[in-house]
Amino acid sequence: MADSRERAADADLVAATRSGNAGAFDALVRRHYRAAFAVALAVCGTRADAEDVCQDALIKALERIDSCRTPEKFAGWLCEIVRNRAFNHLEKMRVRAAEPLQEDSAAAGTTPHDTLERRELGRQLEDALKRLPPKQREVVLLHDLDGWSHREIAGMIGTSEVMSRQHLFNARQVLRELLSGLKIEE
Amino acid sequence: MSDTPIDFSPLDPLGDRRHFEQLMQGLHRAAAPELERRQLSQSIWWQLFAWRRPFFTAAAAALVILAGTAYLTIPTTPANEEKTDNLALALGVPTEVISWSVADSLPSTAQVFFPSEEN
């Protein structure tokens with residue numbers, strides 16, 4: 001995820017965003033959207049909910065950006081907000097009935113068949129992920145979807161690197177069993 | 001093998017570029033008021049406006065201190081009363097009236113209707 005140069009750039013982008021620079025905010029979001037989405041998906045379980053949570057959390061993060069004390073660790077700070085908003089979202093969803101999934105766009109440059117296949121794979125991945133404990137979901141998504149290191153994951157979820165590796169190992173094993181026969185393993 | 005990563009590309013939020021750009025547009029629309037507020041807060045006028053409370057608090061405190069100091073230092077001595085007498089005389093106020101006001105006592109009816117010969 002973040003080497004030292006990227007973290008330094010994060011600090012600059014956070015400073016510019018604090019001054020209301022829309023371009024800096026855009027760059028911050030694009031850089032960390034995948035990680036935010038991974039955390040939201042780990043908690044909510046569905047892509048649509050994860051996207052809603054990300055939008056909500058990113059606006060909250062912008063409003064509270066002055067309270068980000070270590071801008072070079074912006075990703076961890078953002079993911080903390082995302083996780084809290086995701087739990088709030090889950091709580092709300094328990095109270096009211098969930099709305100049906102709406103996906104109205106097709107991937108650019110792909111055929112309808114590709115898109116359908118991709119959606120189906122995505123849905124099966126979502127279902128499989130729901131069978132994992134929340135921490136394992138978060139670890140496997142941050143590691144395999146956004147490429148976080150175990151040190152970064154451990155720092156973010158408050159565990160050791162060894163436990164992070166263990167979570168990843170277990171999560172992958174369960175997912176492989178659940179998804180065996182599907183076209184998702186590299 | 002559990003050492004090889006799971007391919008989550010079907011769930012990658014950036015995989016569908018068009019959909020992602022739509023999300024970004026929505027996000028920018030929602031973020032616009034906050035970004036605008038932050039841009040505004042960089043101007044000198046906004047900074048001055050933001051400091052209005054501490055400024056008025058300091059001004060009020062200074063006023064209280066000045067008023068207190070003035071109250072404690074202005075003497076209410078006979079010399080001051082003398083100054084008041086001189087001013088009253090200059091304005092043509094009869095000396096008896098001045099003496100009544102300085103003594104803070106009401107004159108009798110006789111004193112009002114038959115002022116002393118000295119005046």
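In this predicted model, the face of α8(A) that points away from the buried side of the helix carries exposed residues, A:V162 and A:E177. The opposite set, the buried residues of α8(A), consists of A:S164, A:H167, A:L168, A:A171, A:R172 and A:L175. These buried residues lie on the same side of the helix, because the arc they cover around the axis is only 130°.

Helix α8 of chain A runs over residues 161-179. Its 19 residues should span 27 Å at 1.5 Å a residue, and the end C-alpha atoms are 26 Å apart, which agrees.

Three residues of this helix can be followed one by one. A:V162 sits in helix α8 of chain A and counts as exposed because 10 other C-beta atoms lie within 10 Å, where the cut-off for exposed is 12 or fewer. A:R165 is also found in helix α8 of chain A. A:R165 has 15 other C-beta atoms within 10 Å and is therefore partly exposed. A:R172, again in helix α8 of chain A, is buried, because it has 23 C-beta neighbours inside 10 Å and the cut-off for buried is 20 or more.

Each of the three has a partner elsewhere in the sequence of chain A, as listed here.

| Residue pair | Separation in sequence | C-alpha to C-alpha distance |
|---|---|---|
| A:V162 and A:R151 | 11 residues | 9.2 Å |
| A:R165 and A:Q136 | 29 residues | 9.8 Å |
| A:R172 and A:R137 | 35 residues | 9.6 Å |

**Chain A as a whole**

Chain A contains eight helices and zero strands, and its pattern along the sequence is α-α-α-α-α-α-α-α. Of its 186 residues, 39% are buried. Taking the contacts in chain A between residues at least 6 apart in sequence, 71% join residues at least 24 apart.

Helix α4 of chain A covers residues 74-95. For its 22 residues the expected span at 1.5 Å a residue is 32 Å, and the end C-alpha atoms are 32 Å apart, so the two agree. The buried residues of α4(A) are A:F74, A:A75, A:G76, A:W77, A:L78, A:C79, A:V82, A:R83, A:R85 and A:A86.

A:V82 also appears in the largest nonpolar core, which has 55 residues. Together with A:A36, A:A38, A:V39, A:A40, A:L41 and C54 of chain A (A:C54), A:V82 touches the most other members of that core. Helix α2 of chain A, residues 22-44, supplies the largest share of the core, 14 residues.

What does A:L41 touch, leaving aside residues up to four places away in sequence? Its contacts are A:R47, A:A50, A:L141 and, in the other chain, B:L11.

**Chain B and the contact between the chains**

Chain B has six helices and zero strands, in the order α-α-α-α-α-α along the sequence. Buried residues account for 9% of the 119 residues in chain B.

How many residues does each chain give to the contact? Chain B gives 30 residues and chain A gives 35 residues. On the side of chain B that touches chain A, 13 residues are nonpolar, nine are polar and eight are charged.

**Confidence**

The mean pLDDT of chain A is 85, and 82% of its residues reach 70 or more. Over residues 103-109 of chain A, pLDDT stays under 50. The model has 13 contacts beyond four places in sequence for that stretch.

For chain B the mean pLDDT is 81, with 85% of residues at 70 or more. Where in chain B is confidence lowest, and where is it highest? The lowest mean, 67, belongs to helix α4 of chain B (residues 78-90), while the highest, 93, belongs to helix α1 of chain B (residues 17-40).

For the complex, the predictor gives an ipTM of 0.76 and a pTM of 0.68.

Technical notes:
Residues are numbered from 1 along each chain as its sequence is written. Chains are lettered from A and ligands numbered from 1 in the order in which they are written. This is a predicted model: local features need pLDDT of at least 70, side-chain atom pairs count only at pLDDT 80 or more; totals for chains, interfaces and linings use all residues. Two residues are in contact if their C-beta atoms, placed from the backbone, lie within 7 Å. Ala, Val, Leu, Ile, Met, Phe, Trp, Tyr, Cys and Pro count as nonpolar, Asp, Glu, Lys and Arg as charged, and the others, Gly among them, as polar. Helices (H or I, at least four residues) and strands (E, at least two) are DSSP runs, numbered from the N terminus. The expected span of a helix is 1.5 Å times one less than its number of residues. The arc is that of the directions from the helix axis to the C-beta atoms. A nonpolar core is a set of buried Ala, Val, Leu, Ile, Met, Phe, Trp, Tyr and Cys residues joined through C-beta atoms within 7 Å. pLDDT is the predictor's confidence in each residue, from 0 to 100.
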